[in-house]
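Please look over the model shown here before reading the notes beneath it.

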Amino acid sequence: MSRAVQFDQYGGIEVLRVRDVPRPEPASGEVLVQVRAAGINPGEAMIRRGALHDRFPATFPSGQGSDLAGVVAEVGQGVTGFEVGDEVIGFSERRSSHADHVAVPARQVTVKPVAVPWEVAGSLYVAGTTAYAAVRAVKLTDGDVVAIAGAAGGVGSIAVQLATRSGARVLGIAGPANDDWLTTHGATPVNYGDGLAERLRAASPSGRVDAFLDFFGGGYVAMAVDELGVVPERVDTVIDFAAIEQFGVQGAGNADASDIGVVAELADLAATGELEVPIAGVFALDDVQAAYRELEKRHTTGKLVLRP
């Protein structure tokens with residue numbers, strides 16, 4: 001037997017259950033991974049509440065989770081390149097990684113660098129590929145000024161570092177508690193609240209903002225286009241779907257960089273110390289409700305992780 005997080009209907013945190021389930025068996029071309037760490041993400045909470053039913057409908061009972069890192073426990077027929085005992089990073093496309101064991105196609109895992117801690121490895125896929133796609137979408141070049149909303153969150157904290165690596169000047173929008181972290185990682189902190197557009201212009205060496213990444217929602221796209229004058233093709237949001245239609249901005253995110261090669265690239269950066277994935281908290285699988293309760297406050301710096 002194994003354990004897995006499931007829910008039987010849309011609802012609040014209280015619908016989440018940790019249940020005993022049959023241990024999965026890897027099909028041809030798959031590996032079975034004993035999960036050591038699995039990140040949690042805002043999108044999963046939105047799916048559980050039914051807020052994304054039109055885009056990502058759930059079938060019940062529904063599992064949960066995409067991020068994973070662990071040890072190969074079984075190898076399916078036809079799989080080459082992996083053996084039992086290998087430490088891997090990867091992802092599930094079946095909402096199934098919040099569990100003791102998960103079977104995934106071998107093409108969705110890569111070897112975990114020894115220097116990458118389990119908590120970081122298990123947090124890379126969703127946040128990392130989302131940040132990667134968003135930064136790539138707005139085509140940052142040396143000298144650009146980019147503002148990032150939600151700059152200290154799981155996705156934003158990675159995007160800040162990727163944008164800085166591109167040579168752009170990063171203005172990180174977050175609360176004052178994150179000022180030191182943002183400064184240490186090459187960004188100029190700009191606290192959210194009334195008068196934000198004016199503070200962003202004042203913080204920019206040129207007085208302008210060339211690109212905008214929205215990882216928080218709540219009107220930031222409108223501010224970027226209407227108040228800061230950022231052209232729509234250089235604005236990307238991963239959360240404000242209505243604004244994509246209204247303003248014609250980009251919506252590049254996880255699906256646009258959902259490739260194990262991107263995960264491997266990010267893992268290598270983390271292994272060499274060129275990318276920090278801040279870990280805000282680690283929870284046992286049985287404490288999944290507490291983990292999401294913390295996530296849905298929307299004030300964590302970095303990632304929250306389940307450890308089965």
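The report below takes up a strand and its partners, then some backbone details, and then a pocket. The model is a predicted one.

## Strand β3 and its partners

Strand β3 covers residues 30-39, and 8 of its 10 residues are buried, so the strand is largely enclosed by the rest of the structure. The reasoning rests on a cut-off of under 20% relative accessible area for a buried residue.

Three strands pair with β3. Strand β4, residues 67-75, runs antiparallel to β3 and is joined to it by 6 bridges, while strand β6, residues 101-105, pairs with β3 in the antiparallel sense over 5 bridges. Strand β14, residues 303-307, is likewise antiparallel to β3, with 2 bridges between them. Individual positions show how these pairings are set out: valine 31 stands opposite valine 75 in β4 and opposite valine 104 in β6, whereas glycine 39 stands opposite valine 305 in β14.

## Backbone details in the loops

The peptide bond that joins phenylalanine 60 and proline 61 is cis, with omega at about -5 degrees. Proline 61 lies in the loop between α1, residues 42-49, and β4, the strand that is joined to β3 by 6 bridges.

Two arginines have a positive phi, a value noted here in a residue other than glycine: phi is near 50 degrees for arginine 95 and near 65 degrees for arginine 298. Arginine 95 is found in the loop between β5, residues 87-91, and β6, and because its relative accessibility is 24%, arginine 95 counts as partly exposed. Arginine 298 is placed in the loop between α10, residues 288-295, and β14, and with a relative accessible area of 42% arginine 298 is also partly exposed.

## The second largest pocket

What volume does the second largest pocket have? The computed value is about 250 Å³. The pocket is lined by 18 residues, of which Ala4, Pro24, Ser96, Ala99 and His101 are the closest to its centre.

Which strand gives the largest share of the lining of the second largest pocket? That share, 5 residues, comes from β1, which spans residues 2-6. Both β1 and β6 supply at least two residues each to this lining, and β6 is also a strand that pairs with β3. Sorted by class, the lining holds 8 nonpolar, 7 polar and 3 charged residues.

How values were computed
Residues numbered from 1 in each chain as written. Predicted model: local features only at pLDDT ≥ 70, side-chain atom pairs only at ≥ 80, totals over all residues. Heavy atoms only, no water. Buried < 20%, exposed > 50% of the residue type's maximum accessible area, 1.4 Å probe, protein only. Helix = DSSP H or I, 4+ residues; strand = E, 2+ residues; numbered from the N terminus. Pairing = 2+ DSSP bridges. 1 Å grid on protein atoms, 1.4 Å probe; cavity = no way out; pocket = protein on both sides within 12 Å on 5 of 7 lines; lining within 4 Å. Points joined across faces, edges and corners; volume = space filled by probe spheres on them. Nonpolar A, V, L, I, M, F, W, Y, C, P; charged D, E, K, R; others polar.
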